[in-house]
Amino acid sequence: SVLGCEGAMAGHLFLDGRGRAAYVADGAQVVGRGVGRWLEAAPGAAAVELEIFQYAAAAVDVPERPHRFRGVWELGPEGIGDAWRGE
């Protein structure tokens, strides 16, 4: 799961210091990828919005348009820190 959402996404989420987000599916359960943005939404919280193309590895029909995934999560006591602050 990603961001505590069981079954919604299965893969890896990458966040860079300029506010860009990228998702790559694990390839075992689903095939797919996604891109978007993230930011520190409030003190102690961060948010991400991704456009994701993903489907079951054995799927016959592949989606023509991406799914929009939005997530918010609580940060630890150290927060994001300067190296991970989104724009």
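Buried, in these legends, means under 20% relative accessible area. The views below come from a predicted model.

**View 1. The whole chain, built from strands.** Start with the overall layout: there are zero helices and five strands here. Going along the sequence, you meet them in the pattern β-β-β-β-β. Of the 87 residues in the chain, 28% are buried. On the outside, the chain exposes about 5,700 Å², and carbon and sulfur atoms supply 54% of that area. Now look at who touches whom: among contacts with a separation of 6 or more, 40% link residues that sit 24 or more positions apart.

**View 2. The largest nonpolar core.** Eleven residues make up this core. Among them are Met9 and Ala10, the aromatic residues Tyr23, Trp38 and Phe69, and also Leu50 and Ile52. Ala21, Ala25, Val30 and Val48 complete the set. Strand S2 (20-25), strand S3 (30-42) and strand S4 (45-56) each bring at least two residues to this core.

**View 3. Asp16, a buried residue in a loop.** Here we zoom in on the loop between strand S1 (11-15) and S2, where Asp16 lies. Is Asp16 buried or exposed? Its relative accessibility is 19%, so Asp16 counts as buried, because the cut-off is under 20%. What does the side chain of Asp16 pair up with? One partner is the backbone nitrogen of Gly19, which lies 3.1 Å from a polar atom of the Asp16 side chain. Another is Arg20, whose side chain is joined to that of Asp16 by a polar contact of 2.7 Å.

**View 4. Glu49 and the residues around it.** Our last stop is Glu49, which has its place in strand S4. With a relative accessible area of 33%, Glu49 is partly exposed, because that value falls between the 20% and 50% cut-offs. Which residues does Glu49 touch, leaving aside those up to four places away in sequence? The list holds Val35, Gly36 and Arg37, and also Arg68, Phe69 and Arg70. Two names from that list turn up elsewhere in these legends: Phe69 also belongs to the largest nonpolar core, while Arg70 joins its side chain to that of Glu49 through a polar contact of 2.5 Å. For a sense of spacing, find Ala22 as well: Glu49 and Ala22 are 27 residues apart in sequence, and their C-alpha atoms are 9.9 Å apart in space.

Methods
Residues numbered from 1 in each chain as written. Predicted model: local features only at pLDDT ≥ 70, side-chain atom pairs only at ≥ 80, totals over all residues. Heavy atoms only, no water. Helix = DSSP H or I, 4+ residues; strand = E, 2+ residues; numbered from the N terminus. Buried < 20%, exposed > 50% of the residue type's maximum accessible area, 1.4 Å probe, protein only. Contact = heavy atoms within 4.5 Å. Areas by Shrake-Rupley, 256 points an atom, 1.4 Å probe, with all protein chains shown as cover. Core = buried A, V, L, I, M, F, W, Y, C linked by side-chain atoms within 4.5 Å. Polar contact = N/O pair within 3.5 Å; in protein donor to acceptor, adjacent residues only side chain to side chain.
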